[in-house]
Each structure stands twice: as structure tokens, then as C-alpha cells.
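This report describes how strands and helices are arranged in one model. The account follows the sheets in turn.

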Amino acid sequence: GQPRSWTDHLLWHHAAHTVDLFAYQAGSPVVKANAVQGPIHPTLGIAMDMSIQLQAANGAICTLSLSFNNDGPMSGQGTFFRYIGNTGTYIARYDDLFNGKEEKIDVSQVAVSMNGIELQDREFFAAIREGREPNSSVAQVLACYEVLHKLEQQLK
């Protein structure tokens, strides 16, 4: 119910994170992608609801549901993600991780920090020092935006 802008678009902003993360986690490029969206908001000119299906070349799939019609905290504050795989179910909520039985998983020793921006900056500067491409380079995200473009064409 909050005012939105083109920078807060379900496909080009919010889905981008998951499309990129899915390909990264699957270790395989996205080869199939489908999308449907709800009605276009009369004032904002964007869909308030969207559903996306992805399949990677290695067979992994991702189902993504997005909505601005949330009766609760705003996105980012109330967002959670459920990862269901053949080895377990995981729920990411805020900075916490739980298994499928809602048992908290200690992730405090996974990285030197729990701050994603700090970790991103550390990786960027380490790549400069080591003369290598950073783990989250522009070149690596281009495939994600190619998938988003194809999805947008389906929605038109």
C-alpha cells in the first residue's frame, strides 16, 4: 500500500535478487523462465503481484512469488524466504536462518560479519588486492538481466 516508483519494481528490483541468487546457488544458468503478473495499479502503473518460475540447465527449479499487497511490515523488514531442496528445508527471516521445523540454525561463524554490505565490500577490496574478478561483478550479473528482459517481454 506504500507509494512505489520504477526503482521499486517487482521484476526489475525485487525479482532480480532472487533470479541472480538462484543461478549462483544452482551453479548453472537459467534456461527456462516464465512469469505472470496481476493487474496493473491504476496510479503507479506497475503490477502489485507477480509469480515467476525458473529452471536452471542442471534441472534445479525456483518458484518466486512477489507482492506489494502485504498486510504487515514493509518489504525488507518482514520478508522471508523458504528454500526447499532434496537435502533439507531452510527459512531465512531477517538475519536468522531456521530449518523446516522452525529450529534456529547458528550462522554466527559462517562469515567474519553478519553485515552483508560489509561482506560485499570486503570481497570487492580483496579482489582488487588479489587482481581477480570480484564474486559479484557486473559481468556476472548480466545473465540475470537477460532473464529479466525475457520475462518482461512475456508480460507485455
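## Sheets and packed helices

In this predicted model, strand S1 and strand S2 (residues 49-56) are paired in the antiparallel sense, with seven bridges between them. Within this region, Lys-32 lies opposite Gln-55 in S2.

Both strands belong to an open sheet of three strands, ordered S1-S2-S3 and paired antiparallel. Its edges are formed by strand S1 (30-37) and strand S3 (61-67), each of which pairs on one side only. On average, neighbouring strands of this sheet are turned by 15° against each other, direction ignored.

Two helices pack on this sheet, as listed below.

| Helix | Strands touched | Angle between directions |
|---|---|---|
| H1 (residues 10-26) | S1, S2 and S3 | about 20° with S2 |
| H3 (residues 138-155) | S1 and S2 | about 40° with S1 |

Helix H1 thus touches S1, S2 and S3, while helix H3 touches S1 and S2.

A further sheet is described next. This open sheet has four strands in the order S4-S5-S6-S7, and the pairing is antiparallel. Strand S4 (80-85) and strand S7 (104-105) stand at its edges; each has a single partner strand, so one side of each has no neighbour in the sheet. Strand S6 (residues 96-99) and S7 run antiparallel and are joined by two bridges. Here Leu-97 stands opposite Ile-105 in S7.

As general background, the strands of a sheet pair through backbone hydrogen bonds, in either a parallel or an antiparallel manner.

Definitions and conventions:
Residues are numbered from 1 along each chain as its sequence is written. This is a predicted model: local features need pLDDT of at least 70, side-chain atom pairs count only at pLDDT 80 or more; totals for chains, interfaces and linings use all residues. Side-chain values use heavy atoms; hydrogens and water are left out. Two strands pair if DSSP finds at least two bridges between them. Axes are lines fitted to C-alpha atoms, for helices over the stretch in contact, and angles run from 0 to 180 degrees between N-to-C directions. Contact means heavy atoms within 4.5 Å.
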